[in-house]
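This report looks at aromatic contacts and at strand pairing, taken in that order. Please keep the sequence and the structure in view while reading.

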Amino acid sequence: HAVMDCSNHHPGDLGGVFGSGPIGLLCLQMATLYSPRKAILVGLSTDGERLRMAEASGADLILHADTDDIEAAIRREGDGQGADLVIDAVGASAVLEPCLRITRPDGQITKVGWGPEPLGFSLDPLVGKNLKIQGTFSHTWATWERVLTLINAGKLNLAPLRRTFPLEDWRIAFQAMEQRHTVKSLLIPD
């Protein structure tokens, strides 16, 4: 819904996704279906296995928010102006600040992730760059139908994002998610 219905994107755009959790990785896959020039994922160096999943999900470039100069890297990958579309799929309000910095003038930020803390920075770049910020929540039935069609056609690959566990290994399954060894753990009853 965030990518297909709420984001203004065009083939050849430079796209960025903040977040290597399930929503971020799925937004990355959906964005790659719309032929961006490059799809860049921004995660943390501690995300380990999730960053490998991002590569398997179509990321052209993976950046570490805690160690890389994100703004400089995004400018190098494009024409120096920033990303056309940035999707914030992190559950922290503060992530909006780097999103504002890396989005090009007249670009868009689609905010999927939300956090309870107030903003502690200026929103002036929003005005100065003539940016559009689009909030998005949940989905529509039409979105589900399109997603199921994409999965059935093999265009959306969920396999790298999930691991199955027998029901009795539920603790191991939850630990795998907490330790970021998997994105989603599926419990299969006997």
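The structure, which is a predicted model, holds 2 aromatic pairs. One of them is formed by Trp 170 and Phe 174, whose rings meet edge-to-face at 6.3 Å centre to centre, with 75° between the planes. The angle earns that label because planes over 60 degrees apart count as edge-to-face. Both residues belong to helix α7 (residues 170-178), where Trp 170 and Phe 174 are 4 residues apart, about one turn of the helix. As for their surroundings, Trp 170 counts as partly exposed at 42% relative accessibility, and Phe 174 is likewise partly exposed, with a relative accessible area of 41%; the class follows because partly exposed covers the range between under 20%, which is buried, and over 50%, which is exposed.

The second topic is strand β4 (residues 83-88), of which 6 of the 6 residues are buried, so that this strand is largely enclosed by the rest of the structure. Its pairings with two other strands are set out below.

| Strand paired with β4 | Sense | Bridges | Opposite residues |
|---|---|---|---|
| β1 (residues 14-18) | parallel | 4 bridges | Val 17 and Ile 87 |
| β5 (residues 103-111) | parallel | 5 bridges | Lys 111 and Asp 88 |

In the pairing of β4 with β5, Asp 88 thus has Lys 111 of β5 as its bridge partner. Between these two strands the chain crosses from β4 through helix α4 (residues 96-102) to β5, and this β-α-β crossover is right-handed. On the other pairing, Val 17 stands opposite Ile 87, a residue of β4.

Conventions:
Residues numbered from 1 in each chain as written. Predicted model: local features only at pLDDT ≥ 70, side-chain atom pairs only at ≥ 80, totals over all residues. Heavy atoms only, no water. Buried < 20%, exposed > 50% of the residue type's maximum accessible area, 1.4 Å probe, protein only. Pairing = 2+ DSSP bridges. Right-handed = clockwise from strand over helix to strand, strands pointing away. Phe/Tyr/Trp six-rings, centres within 6.5 Å; stacked < 30°, edge-to-face > 60°.
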